[in-house]
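Thank you all for coming. I would like to walk you through one structure this morning, going from single residues to the whole chain, and I will put it on the screen now.

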Amino acid sequence: MRSAEQPSRIPAAGERPDPLLGCAPEELRRRTSAKWRAYPPDVLPLWVAEMDVPLAPAVVDAVQEALRLGDTGYAFGTEYAEALDAFARARWGWSFPADRTALVADVMQGMVEVLKLTTSPGDAVVVNSPVYTPIYQFCEHLGRKVLEAPLDPGGRIDFAALATAFADATSSGRTAAWVLCNPHNPTGTVHTGEELAGAAQLAEAHGVRVVADEIHAPLVLDGAHHTPYLSVPGTERAFSLLSASKAWNLAGLKAAVAVGGDDAADELARIPEEVSHGPSHVGVLAHTAALRYAGEWLDALLAGLDRSRRLLGDLLAAHLPAVGYRLPEATILAWLDCRALGLGEDPAAAFLDRGRVALTSGPAFGTGGEGRVRLNYATSPRILEEAVARMASVFRSA
């Protein structure tokens, strides 16, 4: 790796520092979480959705104060839901009462609990492939059958495919659900309000229950706007799962909130009380502080991510022009079409073995993932530059 101790740019007077410039490589290598420890030290890790940033000061203060007080017991109360509601009102113009929420360990565990409420073993869960790999794994472990309704070539909802999947899922009279990624992982697509309203109408027509994974909602970038699923007409029986974990890099501090639509509150209240023991109390405090007090930090991050996604496009155009890259509208993730490189169905294997860059394997995301990789661009410009240079060397040697 090139020397990257110093930031590549100095913020102008009055400008918030870019969090993506806040960690030197030697600091990152001291981290013991999955991103920096799953691979040998000579590998640049741009795979799992952890960001190379220092934490927001408000989050650090909240955690330190909890430790100083010995406030490390069980999570309790509705402060997290109330902070999320205030954030949603300010950012998206959407509000919900705390009595339509449930505290859960994380978004995926919350999805499981909601699917237990709305479906039975053997029922189908529709997904829009390519989609976040653990959705397949959790659904299958739960005894549900996954049906794919692939996105269209532009990465948007294909309504014909969705209608077919809904019809197949309910054809035998069984209940069914649709797990919607909003924004979408891995493509970075931000579904529009019109798209979501049309999908909601389709789901209601088929009697399909909707569970919206909105974990990346705070990470919608310039030029796009997040529409909460529960804010569109026809979503009264649906559910949404939200968390501060992705936007503030808090995955290790487990906590999330499940929100029910107007007609789903009674079902949500049936989630067993012991489920609320899953979230970390310190995690709840950290997420609440992020939502209430770290909005400026998030804005600085979003500006940095905008620069990073554009830098990635420039680097690919210069060194790997055959790679298909659509500027992501949200998330910290780029979905790269590497089929023209001749690296086979799983290019991530070649980039790791010969380039020493760890990316996420495209085929793991289901139909539409062949020949593709997912790259996490929430890192410094110097690391991005080095990663693309290594990837280009693999293509040149292929």
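Let me begin with one residue, I271, which has a relative accessible area of 12% and is therefore buried, since the cut-off for that word is under 20%. Please keep in mind throughout that what you see is a predicted model. I271 sits in the loop that runs between helix 9 and helix 10. Which residues does I271 touch, once its neighbours within four places in sequence are left aside? The contacts are with A102, E113 and L117. To give a sense of distance across the model, I271 and R339 are 68 residues apart along the chain, and their C-alpha atoms are separated by 44 Å.

On one side of that loop we have helix 9, which covers residues 265-268 and holds E267. Is E267 buried or exposed? At a relative accessibility of 15%, E267 counts as buried. Not counting residues up to four places away in sequence, E267 touches L117, T118, R209 and F239. L117 may sound familiar, as it was also named among the contacts of I271.

On the other side of the loop comes helix 10, which takes in residues 281-293. With 13 residues at 1.5 Å a residue, helix 10 should span 18 Å, and its end C-alpha atoms are indeed 18 Å apart, so the expected and the computed spans agree. Ten of those 13 residues are buried, which means that helix 10 is largely enclosed by the rest of the structure. Among the buried ones are H281, V282, G283 and V284, and further along A289, A290 and L291. And what do the buried residues of helix 10 pack against? Their partners are helix 3 (57-69), helix 4 (79-92), strand 2 (101-104) and helix 11 (295-319).

Helix 13 can be looked at in a similar way. Its 17 residues, 381-397, should span 24 Å at 1.5 Å a residue, and the end C-alpha atoms are 25 Å apart, which agrees. The buried residues of helix 13 include P381, I383, L384 and E386, as well as R390, M391 and V394.

Next, a residue in another setting. D152 lies in the loop between strand 4 (145-148) and helix 7 (159-170), and with a relative accessible area of 26% D152 is partly exposed. Setting aside residues up to four places away in sequence, D152 touches I157 and D158. R209, which we met as a contact of E267, is 57 residues from D152 in sequence, and the two are 22 Å apart in space, C-alpha to C-alpha.

I would now like to turn to some details of the backbone. Where are the cis peptide bonds that I want to show you? One runs from S129 to P130, with omega near -5 degrees, and P130 is in the loop between strand 3 (124-127) and helix 6 (133-141). Another runs from N182 to P183, with omega near 0 degrees, and P183 is in the loop between strand 5 (176-181) and helix 8 (193-206).

There are also residues other than glycine with a positive phi. For N249, phi is near 60 degrees; this residue is found in the loop between strand 7 (239-242) and strand 8 (256-260), and at 19% relative accessibility N249 counts as buried, because the cut-off is under 20%. For T331, phi is about 75 degrees; its place is in the loop between strand 9 (324-325) and strand 10 (333-337), and T331 is buried, with a relative accessible area of 0%.

Let me finish with the chain as a whole, which has 13 helices and 13 strands. Its radius of gyration is 21 Å, close to the 21 Å that the globule rule gives for 398 residues, so the chain is as compact as a globular protein of that length. The C-alpha atoms fill a box of roughly 55 × 55 × 35 Å, taken along the principal axes, and buried residues make up 57% of the 398 residues. Of the contacts between residues at least 6 apart in sequence, 74% join residues at least 24 apart. The chain exposes about 16,000 Å², with carbon and sulfur atoms supplying 52% of that area. As for charge, there are 35 positive and 48 negative side chains, and the centres of the two sets lie 5 Å apart.

How values were computed. Residues numbered from 1 in each chain as written. Predicted model: local features only at pLDDT ≥ 70, side-chain atom pairs only at ≥ 80, totals over all residues. Heavy atoms only, no water. Helix = DSSP H or I, 4+ residues; strand = E, 2+ residues; numbered from the N terminus. Rg over C-alpha atoms; globule rule 2.2 N^0.38 Å. Buried < 20%, exposed > 50% of the residue type's maximum accessible area, 1.4 Å probe, protein only. Contact = heavy atoms within 4.5 Å. Areas by Shrake-Rupley, 256 points an atom, 1.4 Å probe, with all protein chains shown as cover. Lys, Arg positive; Asp, Glu negative; His and termini not counted. Charge placed at Lys NZ, Arg CZ, Asp CG, Glu CD. Expected span 1.5 Å × (residues − 1).
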